[in-house]
Amino acid sequence: MAKHRLAGGASLCWQSWFWLSLIGLILHRTNVGVSAASDDWWQRTVFYQIYPRSYMDSNNDGVGDLRGITKRLEHLQDAGIGATWLSPIFLSPMVDFGYDITDYTAISPEYGTMQDFEELMTEAQRLGIKIILDFVPNHTSDQCDWFRRSVAREPPYTDYYVWHDGREAPTTTNGGNGTQRRLPPNNWPSVFYGSAWTFHPERGQYYLHQFTAQQPDLNFRNPAVVEEMREVLRFWLRKGVAGFRIDAVNHLFETEGFPDEPESGTDPDPLSYGFTNHIYTKDLLECYDMVYQWRELLDDWTREHGGDSRIIMTEAYANITFTMKYYHSEQEAPRPGSHMPFNFLLITKLSQDSTAPDFVHTINEWLTYMPRTGATANWVLGNHDQPRVGTRYGAQRIDAVNTLLMTLPGIAVTYYGEEIGMVNNPDAISAGVGGELAIDAGKAFIAFSRDPERTPFQWDDTINAGFCGGSVAPWLSVHPNYRQLNLAAQRRAERSHYKTYQGLVRLRAHETFRRGSLQLLPYSNDVITYTRGLPGSDTFVVVINLAATARTIDLLSVFPSLTPELQVASSGSNSSYLTGAIVQSDGLVVSGYDGLVLRSVPLSSRENKSSVPESLWAAAKDAAIIASIVIALGTSFYHFQYCTRVWEGAKWTGGLKK
């Protein structure tokens with residue numbers, strides 16, 4: 001009898017633990033892929049990259065400037081942007097348009113003055129927009145005072161850069177006299193083609209430049225260089241910036257001894273960057289340690305001076321395992337690193353030929369490799385080095401891809417002009433100031449030029465798209481489609497890329513998108529589907545059709561918990577649906593290239609919504625969930641007490657004896 005009672009009690013106990021485990025699982029799943037450790041400003045805003053030369057020209061010289069940015073900051077506020085990072089504005093000869101810096105604490109005259117920068121900071125603060133600066137620590141300009149002093153071997157600058165005597169070439173005979181010359185130290189190629197070493201006749205040594213010859217690499221194994229860069233960060237922190245985007249961070253260190261890199265076997269040209277595997281010039285452990293040091297500096301600054309967190313965004317085109325190390329160290333007591341190691345997977349792995357399974361796999365790849373704690377996902381669709389979204393994915397998919405960007409868990413980063421659907425202008429090619437790059441690289445420069453994605457912002461349909469007046473030509477030609485595709489026209493239109501973008505940014509502030517779970521599935525080869533859910537809040541489903549033709553889908557077949565009816569929360573500018581429309585979950589027709597965000601709407605909510613405030617429906621939904629949990633817990637507690645009594649009774653009656 002005791003054994004029988006124990007068996008029944010055990011069954012009830014297992015039921016209790018099942019319900020408790022199920023509730024725990026449900027609560028756990030709400031945070032899959034989402035960092036819930038904190039909710040800091042940088043985790044919930046949209047970041048916007050401005051390329052200063054191309055944003056707005058205030059003095060009609062054909063080049064964008066700081067006053068132009070200040071004048072147009074209200075556009076960012078209107079779009080819902082919370083922070084913007086500026087490509088380099090520092091003093092530079094502009095061989096690589098600002099990524100070759102002469103003075104890290106001075107403003108380049110074509111962009112304005114330090115007073116202009118301070119006025120920009122004042123206006124940004126008034127509008128609630130944070131300013132992030134582009135920090136370029138790997139190299140300076142060859143016109144930098146540090147480099148000139150290093151060439152002259154003037155202390156303490158002698159070893160500020162990476163110098164090498166080079167290798168001795170085989171002795172050759174010339175008219176009976178033996179002559180000898182020197183060769184570069186090794187086979188390292190430059191990212192921009194050619195050897196990464198250039199001989200400097202005045203110093204009599206080779207210097208390293210992983211980019212152009214006018215961009216000599218700094219020597220980060222020299223503590224004085226490290227401290228110089230720390231002081232640069234402090235200088236701009238004192239000016240009030242909210243953080244830094246760190247350029248080419250995985251190039252900071254090179255292996256000591258400078259050995260030849262192994263050949264890749266995939267590129268036969270020894271002057272091409274693809275000729276070697278860059279195991280001695282990229283992704284060294286010291287690169288991560290330097291990021292951890294900079295993060296410590298920023299965190300200390302925030303603790304000492306108060307205010308919001310100062311952040312680091314890091315650029316490193318590396319494999320995903322290497323990229324994840326920038327978040328924090330892997331020690332027992334992890335050292336925090338980059339708030340945002342830029343996620344370039346949507347750029348490097350996807351194109352207009354990619355399928356829905358390709359998209360799903362790529363998104364899940366980042367979320368799978370990302371650390372479980374202390375990390376927030378981020379999604380980058382474009383930048384000054386990559387073809388624009390409309391060019392890469394196809395102009396018809398602009399709204400759909402922006403829908404993806406704004407509804408995935410984590411941080412969204414937008415390149416200027418993507419909010420209105422700008423595309424590359426293949427005819428916009430600049431030779432650089434003085435034509436240095438074009439002369440050095442010739443046809444290769446034109447073939448790989450990044451200028452087509454850097455053309456002036458298209459503000460309106462006036463001459464030069466409103467970027468500058470008609471009496472001067474802009475530094476790059478405006479895309480000829482500007483008379484039809486411009487911000488002013490899209491703001492006037494009832495539906496447009498910009499209106500869709502604005503709505504998505506507003507929707508992204510919903511707590512479900514900020515903190516909710518992600519369940520992502522390819523419905524077919526053409527259709528991406530995923531839900532965002534959060535207990536006590538609305539559930540959303542996102543549907544993106546990559547195909548040109550309409551598709552009919554049954555969302556209930558993949559997400560059975562959805563309500564039979566859904567309300568359109570966002571749709572593409574050419575969608576057949578308007579915001580607020582009610583659609584059926586089991587027979588949704590999605591137009592070609594459309595991106596839809598749909599909200600679950602219970603039937604009772606639809607019938608009575610006009611008479612019951614939405615806040616009451618939300619409260620009722622919260623109460624229902626709480627009541628369900630309480631009932632389940634109460635039942636489990638009763639079963640647990642019953643199990644305890646049975647257990648005790650069994651012990652007294654000998655029911656546990658064999």
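I'll start with the cysteines. The structure holds 0 disulfides. Keep in mind that this is a predicted model, so that count rests on predicted positions: a disulfide here needs two cysteine sulfur atoms within 2.5 Å.

Two cysteines are worth a look on the screen. Cys 144 counts as buried because its relative accessible area is 2%, and the cut-off for buried is under 20%. Cys 468 is buried too, with a relative accessible area of 6%.

Next, confidence. The average pLDDT for the protein is 86, and 81% of the residues reach at least 70. Where does pLDDT stay under 50? One stretch is residues 1–33. For that stretch the model has 43 contacts beyond four places in sequence. Another stretch is residues 433–446, with 19 contacts beyond four places in sequence. Where pLDDT is low, the predicted coordinates should not be read in detail. Please treat the contacts in both stretches that way.

Now the cavities. How many cavities of 30 Å³ or more does a search of the whole structure find? The search finds 3. The largest cavity holds about 40 Å³ of space.

Which residues line the largest cavity? On the aromatic side, the lining includes Trp 85, Phe 342 and Phe 344. Val 380 and Val 413 are also in the lining, as are Gln 49, Asn 383 and Gly 382. Arg 245 and Glu 315 complete the list. Sorted by class, that lining has 5 nonpolar, 3 polar and 2 charged residues.

That is what I have for today.

Notes:
Residues are numbered from 1 along each chain as its sequence is written. This is a predicted model: local features need pLDDT of at least 70, side-chain atom pairs count only at pLDDT 80 or more; totals for chains, interfaces and linings use all residues. Side-chain values use heavy atoms; hydrogens and water are left out. pLDDT is the predictor's confidence in each residue, from 0 to 100. Contact means heavy atoms within 4.5 Å. Buried means under 20% relative accessible area, exposed over 50%, partly exposed in between (1.4 Å probe, protein chains only). On a 1 Å grid over the protein atoms alone, a cavity is a set of points where a 1.4 Å probe fits but cannot get out, and a pocket is an open set with protein on both sides within 12 Å along at least five of seven lines; lining residues have an atom within 4 Å of a point. Grid points are joined across faces, edges and corners, and a volume is the space filled by probe spheres set on the points. Ala, Val, Leu, Ile, Met, Phe, Trp, Tyr, Cys and Pro count as nonpolar, Asp, Glu, Lys and Arg as charged, and the others, Gly among them, as polar.
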